[in-house]
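Hi,

Here is the structure I promised to send over. Have a look at it first, and then read on for what turned up when I went through it.

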Amino acid sequence: LSGKLGGDLTDTLTITAGTNVVVNSLVGTGNGGEPLLAGLTVNATSGSVTFWQNVTIQGDLVINAGSSGIVDFKGSVDTGGGKLTIKGASQVIFRGQVITGVGDITIEANEIDFAGGGGSVQGTGKIDLRTNVGSKSWAVDVANPSTTNPLNSTLNIDNADIAALADGFSKINIGWYDSGTH
């Protein structure tokens, strides 16, 4: 998936489905032959979203998943300075690098896994990690989250997730915050 060849470099794509969305191909070729999308929005109102290969765009990546849906990036994600926003998922998994440059990252899910290794999540904007509902609890620096907190009851930010956050973010927020009430 990429922008229109010969286009004005502002092509965006919105995918809306009532159930699962599965993207089997590269998003952005990465070879410079075709322009990158200037934005990608995926709405899976009652399902999961899976990207089987790398996602490379030049703008905002917005995913709205169903409350029981899993968002799974099997490859790397690069927004070219755009924002990365994921809302509504039960679980979000990043298996490769996440690079947003100056773009902010907002992830709302009941489980967030950065499985790309130490320093694999990179950016200079702010990053917000929070449950998909403000009333759920969260745990940070959990040695073995699978035995201490079942999925969907607590957002676990374990040691590997913390290690994945590279230096350079302007701010890291974990949990909900608004007017001092969360």
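Strands E9 (residues 84-89) and E12 pair in the parallel sense, with 4 bridges between them. One spot to click on there is Ala89, whose bridge partner in E12 is Ala109. Before I go further: this is a predicted model, so please read everything below as computed from it.

On its other pairing, E12 runs parallel to strand E15 (residues 126-130), again over 4 bridges. Here Ile107 has Leu129 of E15 as its bridge partner. How covered is strand E12 itself? Mostly: it spans residues 105-109, and 5 of its 5 residues are buried. In a regular strand the side chains alternate between the two faces of the sheet. You can follow that along E12, where Ile105, Ile107 and Ala109 point one way while Thr106 and Glu108 point the other way. Every one of these is buried, Glu108 included.

Now zoom out to the sheet these strands belong to. It is an open sheet of 7 strands with parallel pairing, in the order E1-E3-E6-E9-E12-E15-E18. Which strands stand at the edges? Those are E1 (12-17) and E18 (171-174), and each has a single partner strand, so one side of each is left without a neighbour in the sheet. From one strand to the next, the twist averages 5°.

Starting from the E1 edge, E1 and E3 (residues 39-44) are joined in parallel by 6 bridges. Ile15 stands opposite Val42 in E3, and Thr16 stands opposite Asn43 of that strand. E3 then runs parallel to E6 (residues 60-65), with 6 bridges joining the two, and there Leu40 sits opposite Leu61 in E6. As for burial, 5 of the 6 residues of E3 are buried, so the strand is largely enclosed by the rest of the structure.

At the other edge, take a look at Ile174, which is in strand E18. Is this residue buried, partly exposed or exposed? Its relative accessibility is 26%, so Ile174 counts as partly exposed, since buried would need under 20%. Once neighbours within four places in sequence are set aside, Ile174 is in contact with Leu129, Trp138, Val140 and Ile157. Leu129 is 45 residues away from Ile174 in sequence, but their C-alpha atoms are 4.9 Å apart in space.

The aromatics are worth a look too. The structure holds 3 aromatic pairs. One of them is Phe51 with Phe73, which is stacked, at 5.2 Å centre to centre and with 5° between the planes. Phe51 lies in strand E4 (residues 49-51) and Phe73 in strand E7 (residues 70-73), so this pair ties together parts of the chain that are 22 residues apart in sequence. Both of these Phe residues are buried.

Phe73 also pairs with Phe94: the ring centres are 5.0 Å apart and the planes at 5°, so this pair is stacked as well. It links distant parts of the chain, with Phe73 in E7 and Phe94 in strand E10 (residues 91-94), 21 residues apart. Phe94 is buried, as is Phe73. Put together, Phe51, Phe73, Phe94 and Phe114 form one aromatic cluster.

There are two charge-over-ring arrangements to check in the viewer as well. The charged end of Lys74 sits over the ring of Trp52, 4.6 Å from its centre. Arg130 lies over the face of Trp176, at 4.5 Å from the ring centre.

Finally, some overall figures:

- The chain has 2 helices and 18 strands.
- Of its 182 residues, 45% count as buried.
- Among contacts with a separation of 6 or more, 40% are between residues 24 or more positions apart.
- The accessible surface comes to about 8,200 Å², and 51% of it belongs to carbon and sulfur atoms.

If you only have a few minutes, I'd begin with strand E12, where 5 of 5 residues are buried, and then move over to the cluster of Phe51, Phe73, Phe94 and Phe114.

Cheers

Methods: Residues are numbered from 1 along each chain as its sequence is written. This is a predicted model: local features need pLDDT of at least 70, side-chain atom pairs count only at pLDDT 80 or more; totals for chains, interfaces and linings use all residues. Side-chain values use heavy atoms; hydrogens and water are left out. Rings of Phe, Tyr and Trp (its six-membered ring) pair if their centres lie within 6.5 Å; planes under 30 degrees apart count as stacked, over 60 as edge-to-face and the rest as tilted. Buried means under 20% relative accessible area, exposed over 50%, partly exposed in between (1.4 Å probe, protein chains only). A charge sits over a ring if NZ of Lys or CZ of Arg is within 6 Å of the ring centre and within 35 degrees of the ring normal. Two strands pair if DSSP finds at least two bridges between them. Axes are lines fitted to C-alpha atoms, for helices over the stretch in contact, and angles run from 0 to 180 degrees between N-to-C directions. Contact means heavy atoms within 4.5 Å. Accessible areas come from the Shrake-Rupley method with a 1.4 Å probe; for residues, only the protein chains shown count as cover.
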